[in-house]
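Trainee: Could we go through this one together? I'd like to learn how the labels are earned.

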Amino acid sequence: MTWTRHHVLGLKDWTPEEYDTLLQTASSFREVLSSRTKKVPALQGVVVTNLFFEPSTRTRSSFELAAKRLSADILNFSPGTSSLTKGETILDTAKTYLAMGTNLMVIRHKQAGVPQAIALEMDRLNTGVGILNAGDGQHEHPSQGLLDLFTLCCLLDFDHPRSGLLKGKKIAIVGDILHSRVARSNIWSLTAAGATVHLVGPPTLVPEWFKGMEKESHQGKLFLHWDLKPALEKADFVMTLRLQKERMTDYLLPSLREYHQQYGITHRRLAWCHPHVKILHPGPVNRGVEISSELMDDPDFSLIQQQVTSGIAVRMALLFLIGTLSINN
Ligand code: NCD
């Protein structure tokens, strides 16, 4: 399939063919990463700019390493030490990096829609610059959704990861769904792959209107629960999410101890799931809150480290597919 997408702002409108192209491309970059040199000249001369207006550990470093493995040049923008503190607008910041020859911008912002606004401006100016959303507010986090998909598909068929492998699988997403852009991107990708997605958490964090996403999804089913047991029963995979206290404007929760008692994922609760169940978490983790510390560190169940490793190959694939279009523009 030929790749035609100039920006990746979300996964809502991705086709099954696009998912599979991405998974195949990531799989070939995974081979590069396991080779001795670990590097290819695919994006030599391309400038990638990381514009992170919100804190990040893994996403930012992972995009940076992915760009370096593709031999691109990478610029890292830090808001605290930038001209933003002197009143420069975000669009003017983006245009400054454009004038330096940036081809790809990776953008994270606490406000939903910022990557899209910059993409619109770049298109209006006919720049050919590609925009990758690295997480915008509570909207989407597409590269996280894709690396989760890649991690799951590789587990099911290491050599030929493809989204069809998830057809009919039961996947529970547990916790703070309301504030989670990771949950939203995963709902689109997992339902598009034909999985059955079960959202579970307290009613304040799993509002009923999430059910509406099912109508817009491609084929999989979406269920909502406020009780953990029916969501976990016979689940093939359990994705736990961080309680995003920084986004909670009101008192939405009982105490953290009570939350852990009701919704925390522990070895004991995995007995409800399918015997081969695996656990995912996008990080950063509140140990002992959404997941027990012992389970998080248990390699028999936890895919958390694999998710981080997968992130590099997946982000190489994204930068490569979009970067190739951008330089041929
Ligand atoms: C997530 C994010 O920033 O949306 N983390 C990540 O990118 N790996 C989830 C979170 O902050 O809880």
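Trainee: What makes the link between the ligand and the side chain of Arg 181 a polar contact?

Mentor: An oxygen atom of the ligand is 2.7 Å from an N or O atom in that Arg 181 side chain. A polar contact is a pair of N or O atoms within 3.5 Å, so this pair counts. His 141 also has a side-chain N or O atom 2.7 Å from a ligand oxygen, and for Gln 244 the distance is 3.5 Å. Keep in mind that this is a predicted model, where local features need pLDDT of at least 70, side-chain atom pairs need 80 or more, and totals for chains, interfaces and linings use all residues. Side-chain values use heavy atoms, without hydrogens and water, and residues are numbered from 1 along each chain as its sequence is written.

Trainee: How much of the ligand does the protein bury?

Mentor: The protein buries 95% of the 320 Å² that the ligand exposes when taken alone (Shrake-Rupley areas, 1.4 Å probe).

Trainee: Which residues surround the ligand?

Mentor: Among them are Arg 58, Thr 59, Arg 181 and Val 182; to be near, a residue needs a heavy atom within 4 Å. Helix 2 (58–69) and helix 6 (181–192) each supply at least two shell residues (helices are DSSP runs of H or I, at least four residues; strands are E, at least two).

Trainee: What makes the bond from Gly 283 to Pro 284 special?

Mentor: That peptide bond is cis, with omega near -10 degrees. Pro 284 lies in the loop between strand 9 (278–280) and helix 11 (293–296).

Terms used. A polar contact is a pair of N or O atoms within 3.5 Å; within protein, one must be able to donate a hydrogen and the other to accept it, and residues adjacent in sequence count only if both atoms are side-chain atoms.
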